[in-house]
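User: I would like to learn how to read pockets, helices and paired strands from a structure. Please take them one at a time, with the general idea before the case.

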Amino acid sequence: MSAALPHAPLSLLSPSSTPVALRLDGVTKRHGAGGDAVVALDTMSFTVKKGEFVCVVGASGCGKSTMLNLVAGLDTPSAGKVTVAGERPALMFQESALFPWLSVEENVAFPLQMQGLSRKARAARVAELLRLVHLEKFAHRRPHELSGGMKQRVALARALAQQAELLLMDEPFAALDAMMRDHLHSELEALWQKTGLTVVFVTHNVREAVRLGDRVLLLSSRPGRLVAEYQVDLDRPRRIESPEVARMARTITDRLLEAARAAA
Amino acid sequence: MPQRELAGDASHARPHLHALPGGEDGGRDKSSDGHVLIDMPERQDAEDPLRAGLRAAVEGPTSTAEREAAGGVKPGRGRALWAAAWPKLAAVALALALWELVVLSGWRPEYVLPGPGAVLARLWTDLLAGDIGVAAAITMKRALLGYAIALVTGVGLGLVLARVKVLRTAAGSLLTGLQTMPSVAWFPLAILLFQLSEAAILAVVVLGAAPSIAIGLLTSTDQVPPLLVRAGKVMGARGLALYRHIIIPAALPGFVAGLKQGWAFAWRSLMAGELLVIIGHAPSIGVRLQFSRELSDAEGLLAWMLVVMALGVLVDGLVFGALERKIREGRGLTAEHA
């Protein structure tokens with residue numbers, strides 16, 4: 001997993017001049033060995049441009065989590081190559097995965113501490129991040145004192161603290177109610193626009209993908225394969241209940257069902 | 001253009017999101033309501049308007065609800081203390097009553113089984129004479145030293161076994177065997193190796209406590225949620241840092257349970273040791289127990305047994321109980337007591 005990429009990415013959809021944040025080249029991942037081996041990901045190739053917001057959708061068993069593990073460097077591919085720009089990517093989970101023995105502030109400071117920042121430098125950065133997610137008043141609380149939505153915002157602040165160029169999100173809002181999810185979509189979109197981050201957002205909610213993504217990648221199940229990609233050219237900010245979003249989501253859902261039928 | 005719209009969205013989102021925990025924001029609303037409310041209770045406080053006015057001047061505006069809450073604090077705390085204490089006191093009283101009942105039944109003559117009155121009186125005189133203090137100091141010193149050694153070896157062993165899979169497979173069941181082995185069974189060997197010495201006692205105390213501590217560490221690290229480990233790794237915690245910052249703190253509640261069990265084993269081993277390994281110039285609790293038996297001093301024997309029990313309860317409650325409570329409260333693991 002090295003830094004800068006030498007040359008133009010291969011993807012047909014990305015213009016050859018823009019820098020690339022993530023590239024998968026024929027990545028295959030098999031779990032287990034011999035006859036029992038299960039192919040979780042099958043020769044997957046795609047490119048994500050710097051600053052792009054890419055959503056990945058697919059039914060369960062499409063290898064979304066496997067793919068994120070490979071990109072995050074928690075696992076190695078059986079074949080092919082994963083190239084990530086910059087440092088280790090940040091990863092956010094469906095559950096907040098906050099450390100219950102640390103305060104909100106200490107949780108957000110954790111990646112900075114791992115990077116060896118001084119206590120003073122950490123405090124300033126943490127205050128700034130908590131302001132960014134509107135939680136500055138809760139700096140000294142423990143995670144168990146927060147609501148689900150607040151926990152996810154702390155987790156987001158913690159992921160941002162890593163100052164990675166690439167933010168990976170594994171169904172981060174799936175456990176929240178619709179209203180909270182709406183709010184967090186807006187906050188995430190605003191943060192993304194402010195910071196110029198590259199986001200890879202995995203979800204099984206097609207509307208959410210269309211609401212947020214510049215591009216939607218569609219994966220098939222067992223084995224996980226990239227079957228289609230959609231450019232979302234709707235103006236931002238979008239509303240999840242708007243007819244344009246609904247129409248596009250329907251197209252993608254139809255394709256998803258078709259892929260599921262083909263797999264069955 | 002879209003940015004402006006978004007900022008608007010986010011500020012709309014804020015009050016809704018912050019209203020959720022019902023914490024600080026709620027509190028502030030109440031105090032601003034308090035400004036409206038102050039006059040009313042003051043006027044109702046007819047029997048002493050002067051004092052009420054004075055209090056308002058000193059304390060500043062408070063709402064009726066807040067004053068009621070403040071007034072309720074003192075008896076409330078006393079009541080909570082009483083609520084926690086009375087079942088314990090009642091249990092002790094019941095046990096003493098049963099004891100007295102057995103004595104009164106004449107099952108055994110009083111010089112063999114004296115009643116609680118006589119034993120408690122003896123406990124009091126021994127306490128005043130300083131015998132109990134001296135003996136407890138000797139015994140507790142051994143307990144602490146043995147436990148400290150057990151802690152270091154137990155944690156070291158546990159960490160090594162947790163890190164190295166092969167060693168764990170090899171030594172895991174051996175460790176369980178050590179833990180289940182009654183520590184008294186070690187004494188013949190310990191006495192053979194170290195003679196009747198402090199070292200013999202200490203060795204058995206360590207052998208009694210260390211396996212429990214090591215096993216506690218192993219099982220508690222096994223139960224660390226994999227998601228937290230994954231999150232830690234993503235944020236750059238690898239190797240020792242992963243242990244220091246994620247695995248050990250995450251395993252702490254289970255580890256403390258192991259420490260507590262280790263203490264119980266250490267204390268039992270120590271009592272057995274002090275009865276078997278009599279060191280003349282060190283009048284420990286065990287020695288006093290043994291002498292009481294040899295002198296057929298039943299009162300003294302029971303008084304010393306109460307000392308053993310009291311010390312055990314004290315350490316368990318004050319040290320491990322408090323530690324457990326603090327950890328659980330910090331993580332929101334306490335059960336809601338209605």
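Analyst: This is a predicted model. We can start with the character of a pocket wall: in the largest pocket, the lining residues divide into 13 nonpolar, no polar and no charged.

User: What is the volume of the largest pocket, and how is such space found?

Analyst: Rolling a probe the size of a water molecule over the atoms shows where empty space is left. Here the largest pocket holds about 560 Å³ of space. Its lining is made of 13 residues, and those nearest the centre are Val92(B), Leu96(B), Leu306(B), Met309(B) and Ala310(B). The elements giving two or more residues to this lining are helix H5 (64-104), helix H6 (116-129) and helix H14 (298-330) of chain B. H14(B) has the largest share, with seven residues.

User: How much space lies in the second largest pocket?

Analyst: The second largest pocket has about 350 Å³. It is lined by 18 residues, of which Ala162(B), Thr221(B), Val229(B), Tyr243(B) and Ile247(B) are the closest to its centre. At least two lining residues each come from helix H7 (131-163), helix H8 (165-180), H10, helix H11 (226-234) and helix H12 (239-276) of chain B. The largest share, four residues, is that of H12(B).

User: How many residues of each class are in the lining of the second largest pocket?

Analyst: The classes are nine nonpolar, two polar and seven charged. The lining of the largest pocket, for reference, has no charged residues.

User: H10 of chain B supplies part of that second lining. What should I look at in a helix?

Analyst: An α-helix has 3.6 residues a turn, so residues three or four places apart point the same way. Length and burial are two further things to read. H10 of chain B covers residues 198-222, and its 25 residues reach 36 Å from first C-alpha to last, close to the 36 Å expected at 1.5 Å a residue.

User: Why is H10(B) described as largely enclosed by the rest of the structure?

Analyst: Because 19 of its 25 residues are buried, where buried means under 20% relative accessible area.

User: Now the strands. Which way do E1 and E2 of chain A run, and how many bridges join them?

Analyst: For a strand pair, read the direction, the bridges and the connection. Strands E1 (residues 20-31) and E2 (residues 38-49) of chain A run antiparallel and are joined by eight bridges. One example is Lys29(A), whose bridge partner in E2(A) is Leu41(A). The two strands form a hairpin with six residues between them, and Gly32(A) in the turn has a positive phi of about 80°.

User: How many bridges join E1(A) to E4 of chain A?

Analyst: Five bridges join E1(A) to E4 (residues 79-84), and these strands run antiparallel. Asp25(A) has Lys81(A) as its bridge partner in E4(A).

Terms used
Residues are numbered from 1 along each chain as its sequence is written. Chains are lettered from A and ligands numbered from 1 in the order in which they are written. This is a predicted model: local features need pLDDT of at least 70, side-chain atom pairs count only at pLDDT 80 or more; totals for chains, interfaces and linings use all residues. Side-chain values use heavy atoms; hydrogens and water are left out. The expected span of a helix is 1.5 Å times one less than its number of residues. Buried means under 20% relative accessible area, exposed over 50%, partly exposed in between (1.4 Å probe, protein chains only). On a 1 Å grid over the protein atoms alone, a cavity is a set of points where a 1.4 Å probe fits but cannot get out, and a pocket is an open set with protein on both sides within 12 Å along at least five of seven lines; lining residues have an atom within 4 Å of a point. Grid points are joined across faces, edges and corners, and a volume is the space filled by probe spheres set on the points. Ala, Val, Leu, Ile, Met, Phe, Trp, Tyr, Cys and Pro count as nonpolar, Asp, Glu, Lys and Arg as charged, and the others, Gly among them, as polar. Two strands pair if DSSP finds at least two bridges between them.
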